[in-house]
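Here is a friendly walk through one protein model for anyone meeting it for the first time. Have a look at the picture before reading on.

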Amino acid sequence: MTEKELIDAAITARKSAYCPYSHMAVGAALLAKSGKVYTGANMENASFTPTVCAERVAFFSAIMAGEREFVRIAVVGGPEGEEPLREFPPCGVCRQVMSEFCGEDFEILIATRDSYHRLTLPEILPFRFNESYF
């Protein structure tokens, strides 16, 4: 799957966002090493703590399906009902989840419809907390 196809899948997933509080719709498309793509959209809750980001929805869907090896994720976001015109990076919690399941070569595409930045996991989370601390 090309990077553009993965970004398009994230843009499509974004349409399923439930964001009545922040009005920021986010979509993610996660490419597993198997070639399968798992998508997610953010799901908000009035008490905020149960809110789940698009990236984690995609990861948890993939993990529930038995996937454990991942290549890259595309993330798009912005005001609900508008085209994603600026890059919308993953939050710290999502970066830590990526750290739990991905290696140093995992790529994060922070995208709009027309452009993107490609970052590796160490670039987006340089001092990650992992099993080496135990």
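What follows is a short tour of this predicted model, going from the sheet to the helices and then to some side chains.

## The sheet

Let's start with the strands. Five of them make up an open sheet with mixed pairing, and the order across it is β2-β1-β3-β4-β5. At the edges sit β2 (37-41) and β5 (116-120), each of which pairs on one side only. From one strand to the next, the twist averages 15°.

Now for the neighbours within it. β1 and β2 pair in the antiparallel sense, with five bridges, and Gly27 has Ala41 in β2 as its bridge partner. These two strands form a hairpin with four residues between them, and Gly35 in the turn has a positive phi of about 100°. On the other side of the order, β4 and β5 are antiparallel too, over five bridges, with Ala111 opposite Tyr116 in β5. Four residues make the hairpin link from β4 to β5. In contrast, β3 and β4 (residues 107-111) run parallel and are joined by four bridges; here Val75 stands opposite Ile110 in β4.

## Helices on the sheet

Helix α1 (residues 3-14) packs on the sheet, touching β1 (24-32), β2, β3, β4 and β5, and its direction makes about 45° with that of β3. Helix α2 packs on the sheet as well, touching β1, β2 and β3, with its direction at about 140° to that of β2.

One residue of α2 is worth a stop: Glu55. Which side chain of opposite charge is nearest to Glu55? That would be Arg56, 6.4 Å away; Glu55 is buried yet has no salt bridge. Leaving aside residues up to four places away in sequence, Glu55 touches Val26, Ala28, Ile73, Val75, Pro90, Cys94 and Met98.

## Aromatic rings

The model has three aromatic pairs. One of them is Phe59 with Phe70, an edge-to-face pair with 5.1 Å centre to centre and 65° between the planes. Phe59 belongs to helix α2 (residues 54-64) and Phe70 to strand β3 (residues 70-79), so the pair ties together parts that are eleven residues apart in sequence.

Are these two rings' residues, Phe59 and Phe70, buried or exposed? Both Phe59 and Phe70 are buried. Together with Phe106, they form one aromatic cluster.

## Salt bridges

Across the whole structure there are seven salt bridges. Take Glu107 and Arg72 as an example: their side chains meet at 2.9 Å, N to O. This pair links distant parts of the chain, since Glu107 is in strand β4 and Arg72 in strand β3, 35 residues apart. Glu107 counts as buried because its relative accessibility is 17%, and Arg72, at 14%, is buried as well. Glu107 also has a salt bridge with Arg118, where the closest N and O atoms are 3.8 Å apart. Here the link runs from strand β4 to Arg118 in strand β5, eleven residues apart. Arg118 is partly exposed, with a relative accessible area of 43%. Salt bridges that share partners join Glu3, Arg72, Glu107 and Arg118 into one network.

Another salt bridge brings Arg113 and Glu83 together, with their closest N and O atoms 2.8 Å apart. Arg113 is in the loop between β4 and β5, while Glu83 is in the loop between β3 and α3 (92-101), 30 residues apart. Arg113 is partly exposed at 32% relative accessibility, and Glu83 is partly exposed at 41%.

## Loops and a strand residue

Two loop residues other than glycine have a positive phi. His23, in the loop between α1 and β1, has a phi near 60° and is partly exposed at 41% relative accessibility. Phe48, in the loop between β2 and α2, has a phi near 65°. Phe48 is exposed because its relative accessible area is 53%, and the cut-off for exposed is over 50%.

His23 also turns up among the contacts of Pro79, a residue of strand β3. Not counting residues up to four places away in sequence, Pro79 touches Arg14, His23 and Met24. At 32% relative accessibility, Pro79 is partly exposed. Pro79 and Cys102 are 23 residues apart in sequence, and their C-alpha atoms are 29 Å apart in space.

Key: Residues numbered from 1 in each chain as written. Predicted model: local features only at pLDDT ≥ 70, side-chain atom pairs only at ≥ 80, totals over all residues. Heavy atoms only, no water. Phe/Tyr/Trp six-rings, centres within 6.5 Å; stacked < 30°, edge-to-face > 60°. Buried < 20%, exposed > 50% of the residue type's maximum accessible area, 1.4 Å probe, protein only. Pairing = 2+ DSSP bridges. Axes fitted to C-alpha atoms, helices over the stretch in contact; angles between N-to-C directions. Contact = heavy atoms within 4.5 Å. Lys, Arg positive; Asp, Glu negative; His and termini not counted. Salt bridge = Lys/Arg side-chain N within 4 Å of Asp/Glu carboxyl O.
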